[in-house]
Amino acid sequence: MSETLVVVGSQWGDEGKGKITDYFATRADMVVRYQGGNNAGHTVVFGGNKYSLQSIPSGIFNPKTVNVMGNGMVVNPVSVIAELEKLHDRGITDYQLFISTRAAMVMPWHSVLDGAYEAGLGNALIGTTKKGIGPAYSDKYSRIGLRMGDLLEPDYFRERLDAALAVKNRELEMLGLPTFDPQQVFDQYMELAKVLGPMITDTSRMVNDALNTPDKRVLFEGAQGMMLCIEHGTYPYVTSSSPSASSVPVGAGIAPKWVRNAIGVAKAYCTRVGSGPFPTELFDEIGDGIRERGHEYGTVTGRPRRIGWFDAVVGRYTAELGGLSHWAVMLLDVLSGLDTIKICVAYDLDGKQIQSPPSTIASLARCKPVYIEMPGWTEDITGIKEFDKLPENAKAYVRKLEEVTGVPVGMISVGPDREQTIIVDPELNNF
Ligand code: IMP
């Protein structure tokens, strides 16, 4: 029987999925991205070097691992090539990467429109990464999108391109923006196809073959976080795909029966970038301290992240949606030195306590966190490798997170390096 594992962000993104995926990717035969695009920023640190990935799966550093960009992604060929060039410059040249023929393609007008839609929202702007993710998914669902496999069939690509630009150029004109010349785009994309063509294939076939091979280990790498899910997140302040483990079958082209174990990656506190209500947000020097100690600045946009206490309302909600078997608690070391640490266990909405997030951001904005307080610790924990060696108060904090979310903590990260990882539940080493 093959082993599968889903790594999924359980807050508002940036939880440290890159590190956890990389941890397991070192033993995975295959790593599959199933949603999102180059709006993600996955940081992987090993051997004293730091690497940033946007759309390429985190298994790229292991030459034996097959990396798949699944059909559920939106793929920007220009940015994939730029990402690969950066990896080549750092000596990462021995890898296996495949892109689904069915993945939606991000075209140059998508990022232009992303910026224009945001500008049109004034103060209500979403704060997108401006990578064209929303417009690319919109065109996919409006059935005027291009797909990566179209690049392999130039005549068909040209047909689809003309049809798309007939609509898109009209929209761009209405917005007073420059239009695109089909011939120029065609020529540019045929050049890109020369580089990426050999990687574009039926990845669903590849993933199913791996799943049907005994002892193969297949890792599914979620991007963003479940609170940014287009279905279940803080709509409209969300991304345009569903990072949840429930998206894996559709976005990878496999049956639901293969999705068995899901690790929810969550910081020991919360962060979010972009706009939208954030009940446990800190506006004081405690938040500033966490931002500096945790280097909480976006890997894609460089924006300072908003900081808040751990939100167990969100934790319970995402645990349920994601079918989480374990938490990976990230950046626990960043909380060292605080006298008191708070955990939000419920929301007060208009005088009534509620246990899960309301569906509208209007209500969420009125939610006041109900906190419990835990005593902090002062010790530096960045070199600790075993749970039992953590300070008593740090252990109590972790155990409390388990209690208030109902999900066991399987691993803890106490620093950016692969080595700075504490395995709490040895069962995780079975993957
Ligand atoms: P988009 O995905 O670029 O459309 O942006 C929509 C929202 O999702 C914005 O609030 C972004 O900041 C947020 N977002 C998108 N990708 C990530 C990510 O990888 N980490 C954190 N936030 C993200």
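Select Ser247 to begin: with a relative accessible area of 13% this residue is buried, a word that here stands for under 20% relative accessible area, with exposed meaning over 50% and partly exposed in between (1.4 Å probe, protein chains only). Ser247 sits in the loop between strand E10 (217–221) and H8, where helices (H or I, at least four residues) and strands (E, at least two) are DSSP runs numbered from the N terminus. Leaving aside neighbours within four places in sequence, Ser247 is in contact with Tyr34 and Ser242, contact being heavy atoms within 4.5 Å.

Before moving on, note that this is a predicted model, in which local features need pLDDT of at least 70, side-chain atom pairs count only at pLDDT 80 or more, and totals for chains, interfaces and linings use all residues. Residues are numbered from 1 along each chain as its sequence is written, and side-chain values use heavy atoms, with hydrogens and water left out.

Next, add Gly72, Tyr141, Ser242 and Val250 to the selection, since together with Ser247 these residues lie nearest the centre of the second largest pocket, which is lined by 16 residues. A pocket is an open set of points on a 1 Å grid over the protein atoms alone, where a 1.4 Å probe fits, with protein on both sides within 12 Å along at least five of seven lines; lining residues have an atom within 4 Å of a point. The volume of this pocket is about 280 Å³, taken as the space filled by probe spheres set on the points, which are joined across faces, edges and corners. Helix H4 (133–141) and helix H8 (248–252) each supply at least two residues of the lining, and H4 gives the most, with three. The lining divides into five nonpolar, eight polar and three charged residues, where Ala, Val, Leu, Ile, Met, Phe, Trp, Tyr, Cys and Pro count as nonpolar, Asp, Glu, Lys and Arg as charged, and the others, Gly among them, as polar.

Now colour the open sheet of ten strands, whose order is E9-E7-E5-E2-E10-E1-E11-E15-E19-E20, with mixed pairing. Its edge strands, E9 (200–201) and E20 (421–423), each pair on one side only; two strands pair if DSSP finds at least two bridges between them. At the E20 edge, three bridges join E20 to the antiparallel strand E19 (residues 409–413), and Met411 has Ile423 as its bridge partner.

Finally, select residues 17–25, helix H1: nine of its nine residues are buried, so H1 is largely enclosed by the rest of the structure.
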